[in-house]
Amino acid sequence: MTEPLLNISEVGKAYPVYRSEFSRFASWFGLPIKPISEHWAVRDVSFAMQKGEAIGIVGANGAGKSTLLKVITGTVRPTKGTVSAHGRIGSILELGIGFNPEFTGRENVVLSGGLLGMRSNEIEAAMPEIEAFAEIGEFIDHPVRTYSSGMSARLAFSLVTAVRPDLLIVDEVLSVGDSYFQHKSFDRIRNFKEQGTSILLVTHALGDVREICDRVLLLDKGKVLKDGRPDEVIDYYNALIAAKENESLSIDQKRRRDGWMESRSGTQEVSIASIKLLDSHSRKEIGLLTVGQSAILELEAVANASVDRLVLGVQIKDRTGHVVWGTNTWHTQQVIKDVEAGSRIRFSLSFDCDLGPGSYSFSPALVSSDTHLVDNFEWIDNAIVFDVTNADKPYFIGSSYVEAQFNVEKA
């Protein structure tokens, strides 16, 4: 087996906590002042990354994601553990930080490019591409202090990605700037991966993680809580967010025979007794739909305890985990109130299958409001998996079928 491109072994980073800011300041000058405690931002993190692999790191704010990346890039020294990396590393942690506001954009590219390890001839050769990608026009020769934050982000991203690295480390920068820049930046990252660059991505945009990452690490309180495939870790993370609001909530996961990950969470005050996908005409249970077919999702819930309100939410996800469609009975103003223990409620959702060919799933949730963060009685990701085929519609691509028709005539 080839040597990992990046190897993290039992890495930890602790910050001392002093009684006062004066004590902290005095310790900088060597005075014998001991901290009253230590805060471990990252603790005992270990993982290896192979060439061409894309790993996402997710977790709540304060979980230690950014600290871990700073340790990996060398901007922060670890308290314990080792980091070994091979090849050229490009890191995008804080776009525009390090630019001299009095220098022009072009001067900052030369200065910052040198700090990134680029040779002068590399910077000179890459300058036209950097200018073209940044799309800031004549501002390239204006002082950076005249830039908007979006312009600084464009220039910094263009510089760091001007030469394709062996490993690209990205921290939340795709949320900076306008939507056009975000799409353009993500396309470049995607192209880098296709060309063999390894990607280490930290972001709250879970859709981006599902799309580009082969593997995901979930950090919680500085430790790796879960390490696995994107669907497994992201569904677990979503359930974990609700679990933090309710200590009695349980989370269970299992990989289905068809490869889909089924994640189940909830307090079980109300649970799903049965769920079926039926043809609307024959009322027979089905697993394959044709484009445009009428169908019914039928779900029966049982109340194991009395609850004030009951809401059913439903999502349709595609094979990559992206939500194609979703709503709940809170938004349709069909909330059931004063549900007694032992009662059973049947929900029926009629729909026309206006989906593109492919594999999809239904994810139902029994909650008390428009969100699962208040009361998550039971949530099942990918409870029913079904396939869609195009039998009688003109050929089309995409995840949605649109009833459209060309009108063609000679001018």
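Colleague: Why is arginine 190 called partly exposed?

Modeller: Arginine 190 has a relative accessible area of 25%. Buried would need under 20% and exposed over 50%, so 25% lands in between and the label is partly exposed. Keep in mind that this is a predicted model.

Colleague: How do you know that aspartate 187 and arginine 190 meet in a salt bridge?

Modeller: The N to O distance between their side chains is 2.4 Å. The cut-off is 4 Å between a side-chain nitrogen of Lys or Arg and a carboxyl oxygen of Asp or Glu, so this pair qualifies.

Colleague: And why are aspartate 187 and arginine 190 about one helical turn apart?

Modeller: They are 3 residues apart in helix H6, residues 179-194. An α-helix has 3.6 residues a turn, so residues three or four places apart point the same way. As for exposure, aspartate 187 comes out at 36% relative accessibility, so it counts as partly exposed.

Colleague: Which glutamate forms a salt bridge with arginine 190?

Modeller: That's glutamate 211, with the closest N and O atoms 2.7 Å apart. Arginine 190 sits in H6 and glutamate 211 in helix H7 (residues 206-212), so the pair ties together parts that are 21 residues apart in sequence. Glutamate 211 has a relative accessible area of 42%, which means it is partly exposed.

Colleague: What makes arginine 264 and glutamate 262 a salt bridge?

Modeller: Their N to O distance is 3.4 Å. Set against the limit of 4 Å, that passes, so we call it a salt bridge.

Colleague: How are arginine 264 and glutamate 262 classed, buried or exposed or in between?

Modeller: Arginine 264 is partly exposed, as its relative accessible area is 31%. Glutamate 262 is at 9%, and buried means under 20%, so glutamate 262 counts as buried.

Colleague: Which residues are linked with those two in a network of salt bridges?

Modeller: The network joins Arg256, Asp258, Glu262, Arg264 and Glu378. Across the structure there are 26 salt bridges.

Colleague: Let's go to the surface. Why is tryptophan 28 called exposed?

Modeller: Its relative accessible area is 62%, and exposed means over 50%, so the label follows. Tryptophan 28 belongs to the loop between helix H1 (21-27) and strand E2 (37-49).

Colleague: What makes Phe25, Trp28 and Phe29 a patch?

Modeller: Patch members need over 30% relative accessible area and no salt bridge, and nonpolar side chains are joined within 5 Å. Phe25, Trp28 and Phe29 form such a nonpolar patch on the surface, and together they have about 430 Å² of accessible area.

Colleague: Why is valine 17 partly exposed?

Modeller: Valine 17 has a relative accessible area of 30%, and the class runs between the 20% and 50% limits, so partly exposed is the right call. Valine 17 is part of strand E1, residues 6-17. Its C-alpha atom is 9.1 Å from that of lysine 34, which is 17 residues away along the chain.

Colleague: Which residues of helix H2 are buried?

Modeller: In H2 (residues 65-73) they are Lys65, Thr67, Leu68, Leu69, Val71 and Ile72. Just after H2 comes glycine 74, with a positive phi of about 90°.

Colleague: Now the voids. How many cavities are there of 30 Å³ or more?

Modeller: The count is 3. The largest cavity holds about 60 Å³ of space. A cavity is a place where a 1.4 Å probe fits but cannot get out, whereas a pocket is open.

Colleague: What lines the largest cavity?

Modeller: Its lining includes Arg210, Asp231, Asp235, Lys317, Asp318 and Arg319. By class, the lining has 2 nonpolar, 3 polar and 6 charged residues. Helix H8 (230-245) and strand E15 (307-318) each supply at least two of the lining residues.

Colleague: And how does the lining of the second largest pocket divide by class?

Modeller: There you get 6 nonpolar, 7 polar and no charged residues. That pocket has about 230 Å³ of space. Of its 13 lining residues, Leu312, Thr329, Gln334, Ser348 and Leu349 lie nearest the centre. E15, strand E16 (323-328) and strand E18 (344-352) each supply at least two residues of this lining.

Colleague: To finish, how many helices and strands are in the chain?

Modeller: The chain has 8 helices and 21 strands. Of its 411 residues, 46% are buried, and the C-alpha atoms fill a box of roughly 75 × 75 × 50 Å along the principal axes.

Key: Residues are numbered from 1 along each chain as its sequence is written. This is a predicted model: local features need pLDDT of at least 70, side-chain atom pairs count only at pLDDT 80 or more; totals for chains, interfaces and linings use all residues. Side-chain values use heavy atoms; hydrogens and water are left out. Patches are made of residues with over 30% relative accessible area and no salt bridge: like charges are joined within 9 Å, nonpolar side chains (Val, Leu, Ile, Met, Phe, Trp, Tyr) within 5 Å. Accessible areas come from the Shrake-Rupley method with a 1.4 Å probe; for residues, only the protein chains shown count as cover. Helices (H or I, at least four residues) and strands (E, at least two) are DSSP runs, numbered from the N terminus. Buried means under 20% relative accessible area, exposed over 50%, partly exposed in between (1.4 Å probe, protein chains only). On a 1 Å grid over the protein atoms alone, a cavity is a set of points where a 1.4 Å probe fits but cannot get out, and a pocket is an open set with protein on both sides within 12 Å along at least five of seven lines; lining residues have an atom within 4 Å of a point. Grid points are joined across faces, edges and corners, and a volume is the space filled by probe spheres set on the points. Ala, Val, Leu, Ile, Met, Phe, Trp, Tyr, Cys and Pro count as nonpolar, Asp, Glu, Lys and Arg as charged, and the others, Gly among them, as polar.
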